Amino acid sequence: MDFWGTVRVLRRRWYIALPAVLLTGVLALYVYITVPTRYESSGVLVLTSPAAGGRYSEKTKPEDVVKVNPLLQFDGSLTTTAQILTQVLGDPKTAAELAGKGSTATYTANTGPVGGPLLFISTEADSAEAAEGLVGKVLDKTVAELASQQKALNAPEQTFITAQILVKPTTASAKIGGKVRYVGAATVVLLLLTIASTFAADSILLKAKRRKEGAAPSEKDAAAPPPTPPVRPQPQPQGNGAPPPHRPPNQGIPNAHQKTVIIPAPKPPDPAWPTKDD
């Protein structure tokens with residue numbers, strides 16, 4: 001059925017479609033209210049090399065060590081270290097430890113599209129306070145894990161890579177995109193059900209109407225008396241009052257196209273010829 005056909009059906013059965021549409025709106029509002037609002041917060045870390053570089057000797061005096069700007073030493077080792085930290089933070093046990101058992105809060109840690117020594121932390125939670133607090137926990141865990149990894153490798157403390165917080169936990173903002181998607185999906189499904197129910201009701205009502213119209217003439221015919229047979233008219237008398245002459249029944253006169261076959265009668269036997277009995 002085309003679009004205008006659908007509109008005609010909905011218009012004809014408006015008393016079914018209109019309550020269904022109102023019910024759809026109520027259910028969509030209910031979905032929007034019941035789906036919890038998620039809040040998002042984020043933070044950024046940067047890894048830097050020590051000012052004296054990655055080598056250290058106890059024989060070298062501190063004043064003799066060549067010092068450089070740590071921000072000028074972003075080499076591939078820092079990128080590798082950042083990737084190691086993202087793997088550690090992505091461990092499910094670490095995530096359960098930071099978010100809390102049974103919590104719906106989640107976080108992600110990645111090096112971003114550039115893939116440099118930057119570490120981007122993003123969290124989602126059911127409240128703004130939980131989202132911001134989780135960002136702080138992940139940042140602190142990253143700094144502690146970086147130091148722990150370097151100590152486990154017996155690296156000199158003077159050569160430790162440090163993590164600087166570039167962006168502190170941002171003010172959590174509400175994310176309504178998920179709620180809007182839920183509401184949109186529920187609305188589409190309910191509207192489809194509304195159209196389907198309207199068409200089903202229209203089909204049932206039309207069939208009931210046809211059945212009722214077909215049964216009404218049958219009841220009328222059953223209640224009416226049976227028709228009387230036609231009366232054959234009586235033969236009219238002749239002018240003198242005498243009845244019309246009696247016509248003999250049809251003797252089976254053959255039609256013109258039929259042939260009359262005459263079978264001759266058998267002839268008597270000739271006495272001059274001997275018979276079988278003789």
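Which residue's side chain meets that of Lys141 in a salt bridge? The partner is Glu145, with N and O 3.9 Å apart. A salt bridge here is a side-chain nitrogen of Lys or Arg within 4 Å of a carboxyl oxygen of Asp or Glu. Lys141 and Glu145 are four residues apart in helix α5, so about one helical turn separates them.

The model is predicted: local features need pLDDT of at least 70, side-chain atom pairs count only at pLDDT 80 or more, and totals for chains, interfaces and linings use all residues. Residues are numbered from 1 along each chain as its sequence is written, and side-chain values use heavy atoms, with hydrogens and water left out.

## Overall layout

The protein has six helices and five strands. Both are DSSP runs numbered from the N terminus: helices are H or I with at least four residues, strands are E with at least two. Along the sequence the pattern reads α-α-β-α-α-β-β-α-β-β-α. Of the 278 residues, 23% are buried. Buried means under 20% relative accessible area, exposed means over 50%, and partly exposed lies in between (1.4 Å probe, protein chains only).

## Salt bridges

The count of salt bridges comes to six. Arg38, Glu124, Asp126 and Lys175 are linked in a network of them. Arg38 lies in strand β1 (residues 38-48) and Asp126 in the loop between β3 (118-125) and α5, so this pair ties together parts that are 88 residues apart in sequence. Glu124 in strand β3 and Lys175 in strand β5 (residues 173-175) are 51 residues apart.

| Salt bridge | N to O distance |
|---|---|
| Arg38 and Asp126 | 2.8 Å |
| Glu124 and Lys175 | 2.5 Å |
| Lys141 and Glu145 | 3.9 Å |

Within the network, Asp126 is partly exposed at 39% relative accessible area, as is Glu124 at 23%. Lys175 is partly exposed at 31%. In helix α5, Lys141 is partly exposed at 21%, whereas Glu145 counts as buried at 14%.

## Leu98 and helix α5

Lys141 also takes part in the surroundings of Leu98. Leu98 is found in helix α4 (residues 92-99) and is buried, with a relative accessible area of 7%. Leaving aside neighbours within four places in sequence, Leu98 is in contact (heavy atoms within 4.5 Å) with Tyr107, Leu134, Lys137, Val138 and Lys141. The C-alpha atoms of Leu98 and Lys137 are 6.5 Å apart, although 39 residues separate the two in sequence.

## Helix α2 and the nonpolar patch

Helix α2 has 21 residues, which should span 30 Å at 1.5 Å a residue (the expected span is 1.5 Å times one less than the number of residues), and its end C-alpha atoms are 30 Å apart, in agreement. Its buried residues are Ala17, Ala20, Thr24 and Ala28. They cover an arc of only 80° around the axis, which puts them on the same side of α2; the arc is that of the directions from the helix axis to the C-beta atoms. On the other side of α2, Leu22, Val26, Leu29, Tyr30 and Ile33 are exposed.

Leu22 also belongs to a nonpolar surface patch with Trp14, Tyr15, Leu18 and Leu205, whose accessible area together is about 530 Å². Such areas come from the Shrake-Rupley method with a 1.4 Å probe, and for residues only the protein chains shown count as cover. Patches are made of residues with over 30% relative accessible area and no salt bridge; like charges are joined within 9 Å, and nonpolar side chains (Val, Leu, Ile, Met, Phe, Trp, Tyr) within 5 Å. Helix α2 gives the most to the patch, with four residues. Leu205 is found in helix α6 (residues 177-223) and is partly exposed at 36%.
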